[in-house]
Amino acid sequence: MSVSQNIRQIKASLPKEVTLVAVSKFHPIEAIDEAYKAGQRVFGESRAQELVMKEKLLRYADIEWHFIGTLQTNKVKEIAPFIHTIQSIDSLKLLREVEKQAKKNNRKIRVLLEIHVAEEDTKHGFNPDECRLMLDENLGEFENVVFSGVMGMATFTDDESKIRKEFKELHSLFTEFKEKYFADNSEFKTISMGMSHDYHIAVEEGSTMVRIGTDIFGEREY
Ligand SMILES: *Cc1c(COP(=O)(O)O)cnc(C)c1O
């Protein structure tokens, strides 16, 4: 099936309040263009250099670019002029750099706190306690960073109950943070969870944003 057919089919299967992020990393401009022409506006990329190049070539004013990969602090300045949301915030150091660059560019940058809920050590993100501590001690520092929710990845496994348990954990952390730190922040509303192989489970567990690459664009060629 084509990119546009895939998008229509996935959109039709999602509750209307769930946002679809089309993960276009490693896929060419032409594929993004096709998705755009099918009405898709939110795209996810995981490498700063690739994103900067694509943003230059695809000058659609209404694309929302989301950064979803490991972000080195020294790369923040390259994406700060245009990035809509950085979903992969996993340290105070990175947050401070986003604050600095957002200010320099005289804009607000939305962020999601990436939380480590999976079993694998290889997955990035704050440990829940580390994140609580950071919010307790440092939340007051930020003016140009807009805290918009949480992001996480489940363990890569066929064990559905395990995936479900991890998504439940992320959802409950979202609820805790919302009540404790962001009750007055109407922007803090996103639970970004679910990829091609597990988004159906994520949606059942309360996801408000799914990040789908392979099911839209096919396998990536690294
Ligand atoms: C690559 C990636 C995705 C998309 O994965 P698919 O399995 O291709 O849908 C989603 N989230 C993150 C953080 C990713 O790095």
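Which atoms of Gly 213 lie 2.9 Å from an oxygen atom of the ligand, backbone or side-chain? The backbone supplies the contact: an N or O atom of the Gly 213 main chain lies 2.9 Å from that ligand oxygen. The model discussed here is predicted.

## Ligand site

Two arginines also make polar contacts with the ligand. Arg 211 places a polar side-chain atom 2.8 Å from a ligand nitrogen atom. Arg 220 places a polar side-chain atom 2.8 Å from a ligand oxygen atom. On its own, the ligand has 390 Å² of accessible area, and the protein covers 91% of it.

The residues around the ligand come from several parts of the chain. Val 23, Lys 25 and Ile 68 are among them. So are Met 153, Met 195 and Ser 196. The list also includes Arg 211, Ile 212, Gly 213, Thr 214 and Arg 220.

## Overall build

The protein has nine helices and eight strands. Its chain holds 222 residues, and a compact globule with that many residues would have a radius of gyration near 17 Å. The protein has 17 Å, so the value agrees with the rule. Along the principal axes, the C-alpha atoms fill a box of roughly 50 × 45 × 30 Å. Of the 222 residues, 53% are buried.

## Strand β6 and its neighbours

Strand β6 covers residues 145-151. Seven of its seven residues are buried, so the strand is largely enclosed by the rest of the structure. The cut-off behind that reasoning is a relative accessible area under 20%.

β6 pairs with two strands. With β5 (residues 109-114), the pairing is parallel and runs over six bridges. Within it, Glu 114 has Met 151 of β6 as its bridge partner. With β7 (residues 190-192), β6 is again parallel, and three bridges join the two. There, Gly 149 has Thr 190 of β7 as its bridge partner. Helix α7 (residues 160-181) completes the picture: β6, α7 and β7 make a right-handed β-α-β unit.

## Strand β1 and its neighbours

β1 spans residues 19-23. The strand is mostly covered, with four of its five residues buried. It pairs in the parallel sense with β8 (residues 209-212), over four bridges. It also runs parallel to β2 (residues 42-45), joined by two bridges.

Ala 22 takes part in both pairings. In β8, Ala 22 stands opposite Ile 212. In β2, the bridge partner of Ala 22 is Phe 43. From β1 the chain crosses through α2 to β2, and this β-α-β crossover is right-handed. Ile 212, the β8 residue opposite Ala 22, is also one of the residues around the ligand.

## Two loop residues with positive phi

Most residues other than glycine have a negative phi. What is the phi of Phe 26? It is positive, at about 70°, although Phe 26 is not a glycine. Phe 26 sits in the loop between β1 (19-23) and α2 (29-37). Its relative accessibility is 26%, so it counts as partly exposed.

Asn 106 also has a positive phi, of about 55°, and is not a glycine. This residue lies in the loop between α5 (92-104) and β5. Is Asn 106 buried or exposed? Asn 106 is exposed, with a relative accessible area of 69%.

## The start of the chain

Helix α1 spans residues 3-13 and contains Asn 6. At 11% relative accessibility, Asn 6 counts as buried. A polar atom of its side chain lies 3.4 Å from the backbone oxygen of Asp 215.

Glu 17 follows in the loop between α1 and β1. Glu 17 is exposed, with a relative accessible area of 58%. Which residue, 190 residues apart from Glu 17 in sequence, is 9.6 Å apart from it in space? That residue is Ser 207, and the distance runs from C-alpha to C-alpha.

Definitions and conventions: Residues are numbered from 1 along each chain as its sequence is written. This is a predicted model: local features need pLDDT of at least 70, side-chain atom pairs count only at pLDDT 80 or more; totals for chains, interfaces and linings use all residues. Side-chain values use heavy atoms; hydrogens and water are left out. Buried means under 20% relative accessible area, exposed over 50%, partly exposed in between (1.4 Å probe, protein chains only). Two strands pair if DSSP finds at least two bridges between them. A crossover is right-handed if, with the strands pointing away from the viewer, the path from the first strand over the helix to the second runs clockwise. A residue is near a molecule or strand if one of its heavy atoms lies within 4 Å of it. A polar contact is a pair of N or O atoms within 3.5 Å; within protein, one must be able to donate a hydrogen and the other to accept it, and residues adjacent in sequence count only if both atoms are side-chain atoms. Accessible areas come from the Shrake-Rupley method with a 1.4 Å probe; for residues, only the protein chains shown count as cover. The radius of gyration is taken over C-alpha atoms; the globule rule is 2.2 Å times the number of residues to the power 0.38.
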